[in-house]
Amino acid sequence: MSKVKIVSIIYAIGIIIGALFFDVWGADTTPFKTLSVFAWTVIFIIALFFVDKNERK
């Protein structure tokens, strides 16, 4: 399994955990919840960049 797939699976699991356990997409969303999802996505994009960069070498 490629590292890109592993990073994508970890990201999807994190989004599911955020949706189910932390109620990130609930009716009473706080700025902290919004920023945490944004930060998780930024970490995902950075991880994808470095994993793809290292796989091409």
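Is F44 buried or exposed, and what is its relative accessible area? F44 is buried, at 17%. That value and the rest below come from a predicted model, so here are some close-ups to go with it, starting with the rings around F44.

**Close-up 1. Y11, W40 and F44 come together as one aromatic cluster.** Searching the whole structure turns up three aromatic pairs. In one of them, Y11 and W40 are stacked, with 6.4 Å centre to centre and 10° between the planes. That pair ties together distant parts of the chain: Y11 sits in helix α1 (residues 3–20) and W40 in helix α2 (residues 31–56), 29 residues apart. Y11 also pairs with F44, and here the ring centres are 4.1 Å apart with the planes at 20°, so this pair is stacked too. Once again distant parts of the chain are linked, with Y11 in helix α1 and F44 in helix α2, 33 residues apart.

**Close-up 2. W40 and F44 belong to one aromatic cluster, but they fall into separate accessibility classes: W40 is partly exposed and F44 is buried.** W40 has a relative accessibility of 30%. F44 comes in at 17%, and it counts as buried because the cut-off for that class is under 20%.

**Close-up 3. Helix α2 packs its buried residues against α1.** The buried residues of α2 are K33, F44 and V51. The helix itself has 26 residues and runs 38 Å from its first C-alpha to its last, close to the 38 Å you'd expect at 1.5 Å a residue.

**Close-up 4. F49 is an exposed residue of helix α2.** Its relative accessible area is 53%, and F49 is called exposed because that class takes values over 50%. For a sense of where F49 sits, look across to V4: the two C-alpha atoms are separated by 9.3 Å, although F49 and V4 are 45 residues apart along the chain.

**Close-up 5. The largest pocket holds about 170 Å³ of space.** Its lining is made up of G14, I15, I17, G18, F22, V24, W25, F32, K33, S36, V37 and W40. The elements giving two or more residues to that lining are α1 and α2. The largest share, five residues, comes from α2. Sort the lining by class and you get eight nonpolar, three polar and one charged residues. Two of the names will be familiar from the views above: W40 is on the lining list and is also part of the aromatic cluster, while K33 lines the pocket and is one of the buried residues of α2.

**Close-up 6. G14 is a pocket-lining residue in helix α1.** G14 is partly exposed, with a relative accessible area of 22%. How far apart are the C-alpha atoms of G14 and D52? They are separated by 20 Å, with the two positions 38 residues apart along the chain counted as their separation.

**Close-up 7. D23 sits in the loop between α1 and α2 and has a positive phi.** The phi value is near 50°, and D23 is a residue other than glycine, so it's worth a look when you zoom in on the backbone here. As for accessibility, D23 counts as partly exposed, at 36%.

How values were computed: Residues are numbered from 1 along each chain as its sequence is written. This is a predicted model: local features need pLDDT of at least 70, side-chain atom pairs count only at pLDDT 80 or more; totals for chains, interfaces and linings use all residues. Side-chain values use heavy atoms; hydrogens and water are left out. Rings of Phe, Tyr and Trp (its six-membered ring) pair if their centres lie within 6.5 Å; planes under 30 degrees apart count as stacked, over 60 as edge-to-face and the rest as tilted. Helices (H or I, at least four residues) and strands (E, at least two) are DSSP runs, numbered from the N terminus. Buried means under 20% relative accessible area, exposed over 50%, partly exposed in between (1.4 Å probe, protein chains only). On a 1 Å grid over the protein atoms alone, a cavity is a set of points where a 1.4 Å probe fits but cannot get out, and a pocket is an open set with protein on both sides within 12 Å along at least five of seven lines; lining residues have an atom within 4 Å of a point. Grid points are joined across faces, edges and corners, and a volume is the space filled by probe spheres set on the points. Ala, Val, Leu, Ile, Met, Phe, Trp, Tyr, Cys and Pro count as nonpolar, Asp, Glu, Lys and Arg as charged, and the others, Gly among them, as polar. The expected span of a helix is 1.5 Å times one less than its number of residues. Contact means heavy atoms within 4.5 Å.
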